[in-house]
Amino acid sequence: MAETRFALLHRPTAQFGLMLLVGLITRASVFGDLSYFSDELFYFLAGQRMHDGMLPYVDVWDRKGPALFLTYYLIAGVSASVWAYQIAAWAFASTTAFVIARIALRFTGVQGALAAGGVYLFSLALFGGAGGQSPVFYNLWTALAALMVLRGRWREMLAAMALAGLAIAYKQSAAPEALFLGLAAVWRLRQEGATGAQLARRGLLLALAGALPFALFAAFYAAAGHFDAFWQAMVTSNLRKAYNPVGDHWVRIGALAKLSSPLLLGAIAGLVLAERRTPRAFISCWIAAALLGFVLVPNFYEHYLLPVLVPLSVASAALFNRGAVGLGAAAAAALVFAANSPMFAFAKRAEARAAMEGIAADIRARNPRPRLFVYEGPVWLYAMLHSYPPSPLLNNFHLYFPPEEGVSQFDAAAEVQRNLAWRPDVIVTYNNWEPWEENARTAPLVRGYVAKTCRHWFTRDYHENYRSYRIDVWGDCNAPARAPGVTPSAASPAPAARPDGN
């Protein structure tokens, strides 16, 4: 009966169209948002700066993988509007959901497969994935790689390893999933009767295919004379970085387990109830590999769980395929994700857009061509006001957040001094920020500069997806005469918790 009701949705084009529609529904509130998530707005800003000739890790520094910056570079080549990357992320997320459905169709019916893809799209918003976080893009490559390995054709498995390697070039924490897929491909070859010599030869080819994307990026930097900067960002910085300095990892893990429980429970039930043809071992190991990637970067922010949602959704498909009960379970999971996320917070996101536009407009009204230094706060103001300080540490998280001290090849205090020597006439700082959450070497430099040379213009709030922050905007810096004004230590309500890092 269920298969008859869903006869139209047997067509791949209809399945893809449905995933696009569900993706649009779950992400529409974010379109045009200027402050949804600081991470992705920095990535888009970096992509735009690449069109000005700047090179990641050399002229604009961060530790994210080169494929992510290349993606944002390509998107920025289409349009400088935030709509560009948000629409691209919608397309990637919906296509990933479609691939999840195609994987699930190998062992379950249309209802369960499409429900799994749909619930994946609903789950993204709860974990900060309604915009352009890196897993929103590379989850597609991982899901495609898994589908190709399951198909078991040799050339497709080679392509699967290249795609898994491409995912690593977005974020290195995708490596455990890539390793699992490689081992699964070798096991598939062994099951098909490959000899030891054949396994060794083909295993080497699979490994080379997986290493190829990262190797090509490394070769590019080596040819450009910047391999040391590439190595430092990809390897050294991750070894130096302090993770979860607050030490509340168990609290975070518990909260994330609770938030993801609709899919965690759905995956367990799906694996228990699945038919014999279901690749239980493959899916279970895939989930384990994704969880390993999650714990390898032990900050335990909500968006770090985004890669795990893919295999959990696949595993849940068998439960979602069980007639009215399955549809009810899928609907319940979707409703839980929707109710606990800002998915449909259209008014709040409109307020967030207006807040950013207001901040930029107020700065522009007082200084049409500012020399802007956003020491703390939304770096997207640089793009809105077309003003950029000289430091490669354009992502101000590396300037003010204490655990970022000494992570890059650039000394944070020296880079702040470099920006201040540029004589910025507009500076943005957090309002009444906790001293322990500011770099003890850089904050006094900025606060001292502001106290000596700037006037307090105004205090505003800006709003990310879950948090709001209060910022002070200081202007008329280096003006001939400074009128008495508010000092940098002026008291006002404390802001929300610090922003997530990357």
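# Reading a kinked helix, a buried strand and some salt bridges

Guide: Let's start with helix 10, where a kink of about 45° lies at Leu-212, shortly before the proline Pro-213. Keep in mind as we go that this is a predicted model.

Visitor: How many residues does helix 10 have, and what is its reach from first C-alpha to last?

Guide: Helix 10 covers residues 196-223, which makes 28 residues, and its reach is 38 Å. That is close to the 40 Å expected at 1.5 Å a residue. Just after the helix comes Gly-225, whose phi is positive, near 80°.

Visitor: Which residues of helix 10 are buried?

Guide: Buried here means under 20% relative accessible area. Around the kink, the buried residues include Ala-209, Gly-210, Pro-213 and Phe-214. Leu-199, Gly-203 and Leu-206 are also among them, as are Phe-217, Ala-218 and Tyr-221.

Visitor: And what do those buried residues pack against?

Guide: They pack against helix 4 (66-78), helix 8 (154-168), helix 9 (175-191) and helix 11 (227-240).

Visitor: Let's move to strands. Why is strand 2 described as largely enclosed by the rest of the structure?

Guide: Look at the burial of each residue in turn. In strand 2 (residues 426-430), five of the five residues are buried, so the strand is largely enclosed by the rest of the structure. Both sides take part: Val-426, Val-428 and Tyr-430 point one way, Ile-427 and Thr-429 point the other way, and all are buried.

Visitor: Which strands are joined to strand 2 by bridges, and do they run parallel or antiparallel?

Guide: Take each pairing separately. Strand 1 (residues 372-374) runs parallel to strand 2, and three bridges join them. To find the register, note that Val-374 has Val-428 as its bridge partner in strand 2. Strand 4 (residues 468-475) runs antiparallel to strand 2, with four bridges between them. There, Tyr-430 has Ile-471 as its bridge partner.

Visitor: Now for charges. How many salt bridges does the count come to?

Guide: The count comes to 16 salt bridges. A good one to look at is formed by the side chains of Arg-349 and Asp-33, at 2.5 Å from N to O. Arg-349 lies in helix 17 (residues 346-366) and Asp-33 in the loop between helix 2 (12-27) and helix 3 (38-50), so the pair ties together parts that are 316 residues apart in sequence.

Visitor: Are the partners of that pair buried or exposed?

Guide: Arg-349 and Asp-33 are both buried. For Arg-349 the relative accessible area is 3%.

Visitor: What else does Arg-349 touch?

Guide: Leaving aside residues up to four places away in sequence, Arg-349 touches Ser-29, Asp-33, Ser-35, Tyr-36, His-463, Glu-464 and Asn-465. A polar atom of the Arg-349 side chain also lies 2.9 Å from the backbone oxygen of Glu-464.

Visitor: Where should I look for a salt bridge with partly exposed partners?

Guide: Try Arg-455 and Asp-476, whose closest N and O atoms are 3.2 Å apart. This pair links distant parts of the chain, with Arg-455 in strand 3 (residues 455-463) and Asp-476 in the segment after strand 4, 21 residues apart. Arg-455 has a relative accessible area of 22% and is partly exposed, while Asp-476, at 31%, also counts as partly exposed.

Visitor: Which residues are joined into one network by salt bridges that share partners?

Guide: Those are Arg-151, Arg-153 and Glu-156. Within this network, Glu-156 and Arg-153 form a salt bridge with their closest N and O atoms 2.8 Å apart. Glu-156 has 19% relative accessibility, so it counts as buried.

Terms used:
Residues are numbered from 1 along each chain as its sequence is written. This is a predicted model: local features need pLDDT of at least 70, side-chain atom pairs count only at pLDDT 80 or more; totals for chains, interfaces and linings use all residues. Side-chain values use heavy atoms; hydrogens and water are left out. Buried means under 20% relative accessible area, exposed over 50%, partly exposed in between (1.4 Å probe, protein chains only). Helices (H or I, at least four residues) and strands (E, at least two) are DSSP runs, numbered from the N terminus. Two strands pair if DSSP finds at least two bridges between them. A salt bridge is a side-chain nitrogen of Lys or Arg within 4 Å of a carboxyl oxygen of Asp or Glu. A polar contact is a pair of N or O atoms within 3.5 Å; within protein, one must be able to donate a hydrogen and the other to accept it, and residues adjacent in sequence count only if both atoms are side-chain atoms. Contact means heavy atoms within 4.5 Å. The expected span of a helix is 1.5 Å times one less than its number of residues. The bend at a residue is the angle between axes fitted to the seven residues ending there and the seven starting there.
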